[in-house]
Amino acid sequence: MLLPRTQPLTTWTISAVTRLNVSGAAMPAGVSDEQRVDTRALVSMSFERTATGALRGSGQVDSFTVRSSIADSPTPAPLTAAAPSRVSLLLIDAFIDTSSLRVVARPPLANECDRSEVSAMQLARELLVRVPDGVGEGAQWRDSTVTLVCRSGVPLTVYTITHSTLATVSRETLVVRREMTTRLEGKGGSAFRAFDLVGTGSGSQRLEIAARTGILETLQGSSTLTMQLTERIPPGTPRSQQVLQRVELRAERQR
């Protein structure tokens, strides 16, 4: 099976519902232990494709919005501070191969930590799908990527392994199933107030791709991530906060 080398400019609607359950000694008083964040955007991108399935493209994220119960809390928890509610238009460049998955703003952001633009780019990342040439029904392939992010001022390294399977092939549609495992770790703060964060997670996705054009038609997925933040303020005892994050993701091509 060979997909076209060029994918024309295509627009998708993509949305994510994130539920956060927070517990631990570092939880501020007056904050609910369960929060919800709804994100939504229009993403438009075009790609050039290689024989390995690597994609390089550019486009934009439009009408990115956030609706969050966290924003209504009197003192948001450190791991779950809400982003600003809207990004009107963000130009992006994107790339995926076996070891890299990147979406960056154009021009690059001077500081990506806790920026709503980064949340918008994370939605766009989900639309990057690598399908190598020559695969047939039942074929499997593996990607292993490392990315750098920042959450609540803590720089994080995120390690992700993705196992993909070409589940079914027809004249019209390819169905790809992806299973992901994630590990993250990071440290931040200062000598007077330091933070350590670790996390592990897993997820699955079902994608439908047009066989003739190679364009992603629909995506449905879910994931779970468990994180623990340890706060150290000498000479006091370290305090811990745990977050269980569940995400439901949906994307659909707009015609």
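## Core contacts

Contact here means heavy atoms within 4.5 Å. This is a predicted model, so take what follows in that spirit.

In the largest nonpolar core, which has 57 residues, Met 45 and Val 61 touch the most other members. Leaving aside residues up to four places away in sequence, Met 45 touches Pro 8, Leu 9, Thr 10 and Trp 12, then Ser 58 and Gly 59. Further along the chain, Met 45 also touches Ile 92, Ala 94, Ala 124, Leu 127 and Leu 128.

## Salt bridges across the chain

Searching the whole structure turns up 14 salt bridges. One of them joins the side chains of Asp 93 and Arg 106, at 2.7 Å from N to O. That pair ties together distant parts of the chain, 13 residues apart: Asp 93 sits in strand S4 (residues 86-96), and Arg 106 in the loop between strand S5 (101-105) and helix H1 (116-125). Asp 93 is partly exposed at 28% relative accessible area, and Arg 106 is partly exposed too, at 35%.

Then there's Arg 130 with Asp 143, whose side chains meet at 2.8 Å, N to O. Here the link runs from the loop between H1 and strand S6 (140-151), home of Arg 130, to Asp 143 in strand S6, 13 residues apart. Arg 130 is buried, at 6% relative accessible area, and Asp 143 is buried at 7%.

## A mixed pair and a network

Arg 239 and Glu 231 also form a salt bridge, with their closest N and O atoms 2.7 Å apart. Arg 239 is partly exposed at 36% relative accessibility, whereas Glu 231 is buried at 5%.

Finally, a network of salt bridges links Arg 5, Arg 49 and Asp 133.

Methods
Residues are numbered from 1 along each chain as its sequence is written. This is a predicted model: local features need pLDDT of at least 70, side-chain atom pairs count only at pLDDT 80 or more; totals for chains, interfaces and linings use all residues. Side-chain values use heavy atoms; hydrogens and water are left out. A nonpolar core is a set of buried Ala, Val, Leu, Ile, Met, Phe, Trp, Tyr and Cys residues joined through side-chain atoms within 4.5 Å. Buried means under 20% relative accessible area, exposed over 50%, partly exposed in between (1.4 Å probe, protein chains only). A salt bridge is a side-chain nitrogen of Lys or Arg within 4 Å of a carboxyl oxygen of Asp or Glu. Helices (H or I, at least four residues) and strands (E, at least two) are DSSP runs, numbered from the N terminus.
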